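Reader: Hey, I've just opened this one and I'm new to it. Can you walk me through a few of its features?

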Amino acid sequence: MGENKVLSRHEERQVVIASTLGTLFEWYDFFIYGALAVFMSQVLFPQDNPTVSLLAALGALAVGFIIRPLGAVVFGYLGDRLGRKVTFLTTVVMMGGATVLIGCLPTYESAGHLSWILLLTLRVIQGLAVGGEYGGAVIYVAEHCEPRRRGLLTGWIQITSSAGLILSLAVILITQASMTTEDFRQWGWRMPFILSVVMLVISIYVRAKLHESPVFTRMKQQNRLSRNPVKETFGQWSSMRLVLIALVGVTAGQGATYFTGQFYVMIFLQQAVQISQTTVYQLVMIAFLIGAPTFVLFGWLSDRIGRKWIMMAGLFLAAVSYHAMFGALLNAGNPALAEAMKTTPVRIHADTRANNCEFGLQASLLSAHPDHKKSCVQAKKFLVSQGVNFEYAPPLADQAIAMSVGGQVVNGFDPKAYGEALTKAGYPKKADPARIDRLTIIAILVLMTAMVAMVYGPVASYLVELFPARIRYTALSFPYHIGAGIFGGIVPFTATYLAQSSGNIFGGLMYPVVVTAVVGILGCILLPNTKATAIDEEAVH
């Protein structure tokens, strides 16, 4: 079957703008929670244990990622059976409505456990909605446009994830600047959620005016719709094979690069480099604004030279350059800390033969000091949270754990004593604003964004071309959200855990480096090189 009649450029712009605006606002809704989780943990969860409350709030964030593949299946089925337009109109209503309601949740003090139960419920709704949104938007655009412009136009959808993150940070900074710190902590954090009602109305308006995808309309008229797209996608090896190839050949790596270069880097700059949150947000916003056009650029380039090898190049560049780029961020953001780590190393003295912090001590010593392991874990967390690398050394006599730096020794774990010893040895408590090389940091962040765009820019059009039209919504959405939601979503947690376990603030990069390298190799071997041709076809690759 051929493509539908070519749209005029005016009609083409309408399709792209309507799809892009809705997806932008949906990403804003999704990201705003992550940026405000700390504040929400203070009012929606019990405060008898603030650490547990924060972890619970972050757990609710994780739920939104974990549930996305289920949303991909549910809305993929609806999109392949009922149509692209009605499905992604439904997802934007769900996402926007849930976001507004989060801003209206009762506090734990007034409603007890109901407050966080309602929060968790709304996060599930958001995760389901995002799972159905992305596939609908990119398919809708791709099924309208000319084949030779497919990468360019779907690139505008790809830009929305970064744009949504920028928008969420901007709204938070503006809201914080308009009130006192205490007011923002008490009630001001609700405003970015509630204000999204404006975006919801705009999204519904522009999407309601759209027509159904011409490819879907034609399949419906010719009675070519799948009776059960979920069964056909996962129950037939010809389709399931493509899903698996897409996952291990590109989307898992795409998720790892995106969340490393757009998310984890913010955590690294705040926690390891010790730059203030406000400064980090400002630098990230500037860099992402400069780098955002590269999503469209690489989408356009994929129309000219092909999609596969641009994506593979992005994965390999990430794998080989992450350590150098994060090291440069440390030197540019906190040169005093970088110099201290070179000249005055920190050592944790403990017996780690069994495992990190599982001491190979005599049974009598273990029984006499049951908190040895806990103290070691606390020491590691404290040092990594201060952006301090450390190395293990043999235990000192009669001491299960001790820290030494610059000729000083601190026995046991005492955060105050650790802090004083580090300060005396030349370790700064925070990055000196006067010594932050902002231009270098922005340049590095722009390069990271460009590497993300090399994979993320062409991937939408690639996935559209990979799957047959009758199961496209379901088959495309599932590997994308496994890659982005699972392989990508766990980057912040996994990287932080690896940094603490290794005693190296760069240790967390092991995860994205391994994932991008492995996926790049598999992609080179397994991925077919799709072409910018008609996509209203029955045959699969």
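Author: Here is a quick tour of the sheet, some loops, a buried residue and a surface patch. This is a predicted model, where local features need pLDDT of at least 70 and side-chain atom pairs count only at pLDDT 80 or more, while totals for chains, interfaces and linings use all residues. Residues are numbered from 1 along each chain as its sequence is written, and side-chain values use heavy atoms, with hydrogens and water left out.

Reader: Cool. In what order do the four strands of the open sheet come?

Author: The order is E2-E1-E3-E4, with mixed pairing. E2 (391-393) and E4 are the edge strands, each pairing on one side only. From one strand to the next, the twist averages 25°. Strands here are DSSP runs of E with at least two residues, helices are runs of H or I with at least four, and both are numbered from the N terminus. Two strands pair if DSSP finds at least two bridges between them. The twist uses axes, which are lines fitted to C-alpha atoms (for helices over the stretch in contact), with angles from 0 to 180 degrees between N-to-C directions.

Reader: And which way do E1 and E2 run, parallel or antiparallel?

Author: Parallel: three bridges join E1 (residues 346-349) to E2. Arg 347 has Glu 391 as its bridge partner in E2, and Ile 348 stands opposite Tyr 392 there.

Reader: What about E1 and E3?

Author: Those two are antiparallel, over four bridges. Ile 348 turns up again, with Met 403 as its bridge partner in E3.

Reader: How many residues sit between the strands in the hairpin of E3 and E4?

Author: Two, and Gly 406 in that hairpin takes a positive phi near 55°. E3 (residues 402-405) and E4 (residues 408-411) pair in the antiparallel sense over four bridges. Val 405 is partnered with Gln 408 in E4.

Reader: Which residues other than glycine have a positive phi?

Author: Asn 223 is one of them, with phi near 60°, and Gln 274 is another, near 65°. Most residues other than glycine have a negative phi.

Reader: Where are they, and is each one buried or exposed?

Author: Asn 223 is in the loop between helix H11 (214-221) and helix H12 (229-235). Asn 223 is exposed, at 70% relative accessible area. Gln 274 is in the loop between helix H13 (237-271) and helix H14 (277-291), and is buried at 4%. Buried means under 20% relative accessible area, exposed over 50%, and partly exposed in between (1.4 Å probe, protein chains only).

Reader: New topic: what does Thr 449 touch?

Author: Leaving out residues up to four places away in sequence, Thr 449 touches Gln 262, Phe 288, Gly 291, Ala 292, Thr 294 and Phe 295. Contact means heavy atoms within 4.5 Å. Thr 449 is in helix H21 (residues 438-466) and is buried, with a relative accessible area of 0%.

Reader: Last one: which helix gives the largest share of the nonpolar patch?

Author: Helix H24 (residues 510-526), with seven residues. The patch covers about 740 Å², and Val 248, Phe 316 and Met 510 are among its members. Patches are made of residues with over 30% relative accessible area and no salt bridge, joining like charges within 9 Å and nonpolar side chains (Val, Leu, Ile, Met, Phe, Trp, Tyr) within 5 Å. A salt bridge is a side-chain nitrogen of Lys or Arg within 4 Å of a carboxyl oxygen of Asp or Glu. Areas come from the Shrake-Rupley method with a 1.4 Å probe, and for residues only the protein chains shown count as cover.
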